Amino acid sequence: MTTNTYTQPTHTHKGTLTNTTEPRTSLFRQPTAVWAIAFACAISFMGIGLVDPILPKISEALNASQSETMLLFTSYLFVTGIAMFFTSWVSGRIGVKWALIAGLTLIVVFAGLAGLAGSVDAIIGFRAGWGLGNALFLSTALAAIVGAASGGSRQAIVLYEAALGVGMAVGPLVGGALGEISWRGPFFGTAILMAIALIAILVLLRFPKQSAAERSAARAAAPSVTASFRALGNPALLSLSLVAVCYNFGFFTLLAYSPYPVEAAAQAAGLDFGAHELGLVFFGWGLALAVTSVVVAPMLTRRLGLRPVLFVALSLFAVCLVLLGVCVASLAALVSLVIVSGLLLGVMNTALTEAVMEATDLPRSVASSTYSSVRFIGGAVAPAIAGPVAAALGAPAPYWIGAAAVVMAILVLALMGKHLAHIGEERDGGSVPSEIAEAQAVGVGDAS
């Protein structure tokens with residue numbers, strides 16, 4: 001039987017294109033190891049929205065303030081962001097498989113410990129360990145899928161992005177369902193599912209054996225431990241990183257703070273709005289984000305260009321945040337605006353990642369990890385600020401500060417335009433290295 005193949009452009013070191021041939025096979029005819037990694041990816045992405053529906057229940061059960069519970073996001077994101085500066089270096093020395101296993105093991109341990117915790121401070125600490133595991137896992141997950149998949153890199157990328165979308169959408173739903181039983185349920189559920197994925201990867205994942213010389217060459221070719229820090233000296237990458245910091249402040253203001261105004265508005269309307277109902281709201285948000293990031297954003301950037309899409313998406317998101325502050329007492333308005341914002345955030349995530357991938361001549365893995373590290377750290381700041389601001393200035397204030405941060409992102413994008421004028425001008429036609437780097441960066445960014 002003849003195997004259909006297609007010629008795929010790939011980049012050489014200098015950025016020129018050469019042709020390689022990959023077999024065209026069914027997306028669903030993959031080795032079992034690939035499905036194990038994809039399953040682990042989906043569970044990892046679930047961990048983002050899993051906590052959202054149970055924040056009010058944790059506050060009630062552990063007598064914790066809004067500010068304290070929102071630090072569950074801050075510790076997780078801050079440690080993930082710092083770790084991402086070094087994960088490429090670590091995986092280059094211990095290998096993709098063992099980086100995956102180390103990351104999954106940390107997630108299983110710390111998610112389980114979070115479920116056993118007796119205080120909110122303990123959960124905050126365990127979420128930090130969870131963030132370290134997530135950084136190790138996500139930095140190598142796509143490379144592992146590409147290495148194990150049949151049908152070429154394009155098939156692997158589709159699987160990876162499908163896992164991202166499923167995880168982002170289903171996470172709040174699972175968190176809400178398990179949270180109705182106990183706030184501990186989502187943590188134990190994550191630990192059990194990740195343990196299953198860990199066992200599957202240990203048993204099923206096999207890479208071709210390398211000689212000692214090949215292993216030595218791979219370690220020598222890995223990025224240096226300071227590569228990500230030095231990359232911030234590139235003006236284009238620094239500009240987009242500043243945009244990402246401000247944008248992610250708004251993103252995580254919405255994600256971490258919104259459960260509290262939604263619950264308060266429901267109580268004011270005389271409705272019983274628990275973890276299950278909050279899970280449904282953020283399921284809608286995650287589904288909207290997944291659809292636009294994978295399907296809508298690539299079409300918009302091809303037709304309109306990267307910078308126009310960035311300006312429009314940022315502007316509309318700032319308007320959404322302002323309206324959330326204005327309508328903070330209306331349950332219907334809050335729910336609608338949260339879901340609509342998911343549509344905008346999906347477009348923004350993908351467009352900003354494409355811009356980072358096109359903006360510099362840096363190795364794509366270095367540009368991706370540097371950008372992802374910075375945006376994680378930017379996201380970590382928002383939950384730490386939103387709680388005290390709400391307590392001091394009222395429920396609308398965090399949204400308005402988030403909107404101001406997004407406006408700052410727009411100003412940076414405009415003022416640093418001379419460093420970014422070239423983005424979107426030379427599209428590479430969907431080459432494998434570009435798509436892999438883009439998928440990886442979208443994944444680690446969304447997994448914050």
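**Burial, contacts and helix packing in a predicted model**

In this predicted model, the largest nonpolar core has 127 residues, of which F187 and W285 touch the most other members. Helix α15 (residues 331-359) gives the most to this core, with 15 residues.

Q: Which residues are in contact with W285, leaving aside its neighbours within four places in sequence?
A: W285 is in contact with M168, F251, L254 and L255, and also with V338, I339, S341, G342 and L345.

Q: What makes helix α11 oblique to helix α12?
A: The axes of α11 (residues 235-257) and α12 (residues 259-268) cross at roughly 40 degrees and come within 5 Å. Angles under 35 degrees count as roughly parallel and those of 65 to 115 as roughly perpendicular, so the crossing of α11 and α12 is classed as oblique.

Q: Which residues of α11 and α12 meet, and how do they divide into nonpolar, polar and charged?
A: From α11 come L255, A256 and Y257, which meet P259, Y260 and P261 in α12. The residues of this contact divide into six nonpolar, no polar and no charged.

Q: Why is V281 called buried?
A: The relative accessible area of V281 is 6%, and buried means under 20%, so V281 is buried. V281 is found in helix α13 (residues 275-304). Not counting residues up to four places away in sequence, V281 touches F273, V335, V338 and I339. The C-alpha atoms of V281 and L334 are separated by 9.7 Å, and these two residues are 53 residues apart along the chain.

Q: How do you know that T301 counts as buried?
A: T301 has 2% relative accessibility, which is under the 20% limit, and therefore counts as buried. T301 also lies in helix α13. Between the C-alpha atoms of T301 and T350, 49 residues apart along the chain, the separation is 9.1 Å.

Q: Why is A122 called partly exposed?
A: A122 has a relative accessible area of 24%; buried requires under 20% and exposed over 50%, so A122 is partly exposed. This residue lies in helix α6 (residues 120-148). The C-alpha atoms of A122 and L72 are 9.9 Å apart, with their positions 50 residues apart along the chain given as the separation.

Q: What makes A395 partly exposed?
A: At 34%, the relative accessible area of A395 is neither under 20% nor over 50%, and A395 is therefore partly exposed. The place of A395 is in the loop between α16 (364-393) and α17 (397-415). Leaving aside its neighbours within four places in sequence, A395 is in contact with Y257, V328 and A390. The C-alpha atoms of A395 and V328 are separated by 7.0 Å, although the two are 67 residues apart along the chain.

Q: Why is N63 called exposed?
A: N63 has a relative accessible area of 73%, which is over 50%, so N63 is exposed. N63 is found in the loop between α2 (55-61) and α3 (66-84).

Q: What is the phi of N63?
A: Phi of N63 is near 55 degrees, a positive value in a residue other than glycine. Most residues other than glycine have a negative phi.

Q: How do you know whether C41 and C246 are buried or exposed?
A: C41 has a relative accessible area of 0%, which is under 20%, so C41 is buried. C246 has 17% relative accessibility and therefore also counts as buried.

Q: How many disulfides are counted?
A: The count comes to zero disulfides when cysteine sulfur atoms must be within 2.5 Å of each other.

Q: How many helices and strands does the protein chain have, and what share of its residues count as buried?
A: The secondary structure comes to 19 helices and two strands. Of the 448 residues of the protein chain, 55% count as buried.

Q: What share of the contacts with a separation of 6 or more is accounted for by residues 24 or more positions apart?
A: Such residues account for 85% of those contacts in the protein chain.

Terms used. Residues are numbered from 1 along each chain as its sequence is written. This is a predicted model: local features need pLDDT of at least 70, side-chain atom pairs count only at pLDDT 80 or more; totals for chains, interfaces and linings use all residues. Side-chain values use heavy atoms; hydrogens and water are left out. Axes are lines fitted to C-alpha atoms, for helices over the stretch in contact, and angles run from 0 to 180 degrees between N-to-C directions. Helices (H or I, at least four residues) and strands (E, at least two) are DSSP runs, numbered from the N terminus. Angles under 35 degrees count as roughly parallel, over 145 as roughly antiparallel, 65 to 115 as roughly perpendicular and the rest as oblique. Contact means heavy atoms within 4.5 Å. Ala, Val, Leu, Ile, Met, Phe, Trp, Tyr, Cys and Pro count as nonpolar, Asp, Glu, Lys and Arg as charged, and the others, Gly among them, as polar. Buried means under 20% relative accessible area, exposed over 50%, partly exposed in between (1.4 Å probe, protein chains only). A nonpolar core is a set of buried Ala, Val, Leu, Ile, Met, Phe, Trp, Tyr and Cys residues joined through side-chain atoms within 4.5 Å.
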